[in-house]
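This briefing is intended for a reader meeting the structure for the first time. Please keep the sequence and the model in view while reading.

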Amino acid sequence: MILTFYGVRGSIPAPGPETVKYGGNTSCIHIRLESGSDLILDSGTGIRQLGRHIVNQDRDLFLLLSHRHWDHIQGFPFFLPVYQPGRKICIYSGAEANDDLLSILRQMDGATFPVHARQLPSRVSNVGHDAMVQRLQAKGVNILTRALNHPGGGQAFRIEEEGVVVAYVTDNELDPPGTITTRYESWVEFCRGADLLIHDAQYTESDMPHKHGWGHSLISQVRRLAVDAEVRNLVMFHHDPERTDFELEQVERDNDAYFRGLRAPSRCIVSFEGLSLRIRASDTDAGRHFLEVL
Ligand SMILES: [Zn+2]
Ligand SMILES: [Zn+2]
C-alpha cells in the first residue's frame with residue numbers, strides 16, 4: 001500500500017513562514033490499497049489538496065474519521081469529490097449508521113457553510129462499525145479499532161492488507177490523568193509488530209503539566225511505545241500548531257539519538273505534508289517487509 005500525508009498538524013491549521021517545511025494543514029492521510037481502492041484517514045484541511053489530486057479518478061472513497069473534532073473534519077466541505085454527481089463516499093465516524101449525517105459534518109448546515117449537506121450531488125453515506133468492517137473486508141482489508149484516550153472519545157485503527165499492518169493512533173494520550181479508557185499495555189498489544197505506527201506526538205515535556213489531560217501524547221512516550229510494541233517504522237504525527245520547523249528538526253535529531261542502537265523501530269520519520277510511503281511484504285523473503293520513501 002502507498003500512504004501519502006496531506007495534513008500532519010493538530011488542533012488548528014498553522015500556515016506561515018515557520019511551518020513551511022512540515023506544513024500547516026490538519027490531519028489527512030490517503031492510502032492507496034493494493035486492491036486499488038482508496039482509504040482516507042480523517043478530513044482535516046489537508047483533504048482539500050487530496051481532493052484536487054483524485055477528483056478525476058473514478059473510485060469509490062472510504063473515509064475513516066478518528067473522531068469529530070474540528071481539525072479532523074474541517075476540510076470536508078472543500079473536498080472536490082463531494083460535489084461530483086453520483087460519486088460514492090462512505091464515512092465511518094464512530095457514530096451509528098442511523099445518525100444524521102449532518103451531525104457528523106456539522107459545518108454543512110447552510111449557516112456555518114453556504115452549501116447544505118442535503119444539497120450535495122455525491123452519494124455520501126454513513127456506516128456503523130460492523131458495516132465498516134464488512135465493507136473493508138470485501139476490499140481485502142482487515143481492520144481493528146480501539147478507543148482513544150481523548151476528550152470526547154474516538155478510535156484508533158489497525159489496518160491490515162496482504163500482511164502489511166498500519167496502526168493509525170492519533171489524538172491519544174498514552175498516560176492520561178483520571179479514568180483511563182485504554183491502558184498503555186493495551187496500546188502496546190494493539191500496535192505490536194506494525195510495519196508502520198502513525199501516532200500523535202503533539203507535546204514536549206515543557207508543554208506539561210498544563211496540557212496533561214488534553215488528549216495528546218509526549219514525543220518521549222511515543223518513542224517508548226514504538227520500542228515496546230516492536231513496530232518496524234514509526235511516524236510522528238499531529239504536530240502542535242506552535243511547533244516550528246526549527247523545533248521539529250531538533251525532534252528528528254533527538255529521535256536519531258534515542259533510537260540509535262535499538263532493535264526497533266528501524267526508522268522514525270517526523271511527518272510532513274507530501275510524505276509518501278510505499279509498504280509491501282516481500283514475496284521472496286517471508287516475514288520481511290519493506291518501507292520505501294517515495
Ligand atoms: Zn486533532
Ligand atoms: Zn481531537
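The points below treat a sheet, a group of strands earlier in the chain, and one residue in a loop.

The model is a predicted one. It contains an open sheet of six strands with mixed pairing. Elsewhere, strand β3 (residues 38-41) pairs with β2 in the antiparallel sense and with β4 in the parallel sense. Q202, which lies in a loop, is treated last.

**The six-stranded sheet**

- The strands of the open sheet follow the order β7-β8-β9-β10-β11-β12.
- The edges are formed by β7 (142-147) and β12 (267-270); each has a single partner strand, so one side of each is left without a neighbour in the sheet.
- On average, and with direction ignored, neighbouring strands of this sheet are turned by 15 degrees against each other.
- The partner of β12 is strand β11 (residues 233-237), and the two pair in the parallel sense over four bridges.
- Within β11 and β12, L234 is found opposite C268.

**Strand β3 and its partners**

- Strand β3 is covered on both faces: D38 and I40 on one side are buried, as are L39 and L41 on the other.
- Strand β2 (residues 28-32) is joined to β3 by four bridges in the antiparallel sense, and I31 stands opposite L39.
- The hairpin of β2 and β3 has five residues between the strands, and in this hairpin G36 adopts a positive phi near 95 degrees.
- Four bridges also link β3 to strand β4 (residues 61-64), here in the parallel sense.
- I40 of β3 has L63 in β4 as its bridge partner.
- From β3 the chain passes through helix α1 (residues 47-54) to β4, giving a β-α-β crossover that is right-handed.

**The loop residue Q202**

- Q202 is placed in the loop between β10 (196-200) and α6 (219-228).
- Is Q202 buried or exposed? Q202 is buried, because 29 other C-beta atoms lie within 10 Å, and a residue counts as buried at 20 or more.
- Leaving aside neighbours within four places in sequence, the contacts of Q202 are G10, H216, S217, H238, H239 and D240.
- Q202 and L63 are separated by 139 residues in sequence and by 23 Å in space, taken from C-alpha to C-alpha.

Technical notes:
Residues numbered from 1 in each chain as written. Chains lettered and ligands numbered in written order. Predicted model: local features only at pLDDT ≥ 70, side-chain atom pairs only at ≥ 80, totals over all residues. Pairing = 2+ DSSP bridges. Axes fitted to C-alpha atoms, helices over the stretch in contact; angles between N-to-C directions. Buried ≥ 20, exposed ≤ 12 C-beta atoms within 10 Å, placed from the backbone. Right-handed = clockwise from strand over helix to strand, strands pointing away. Contact = placed C-beta atoms within 7 Å.
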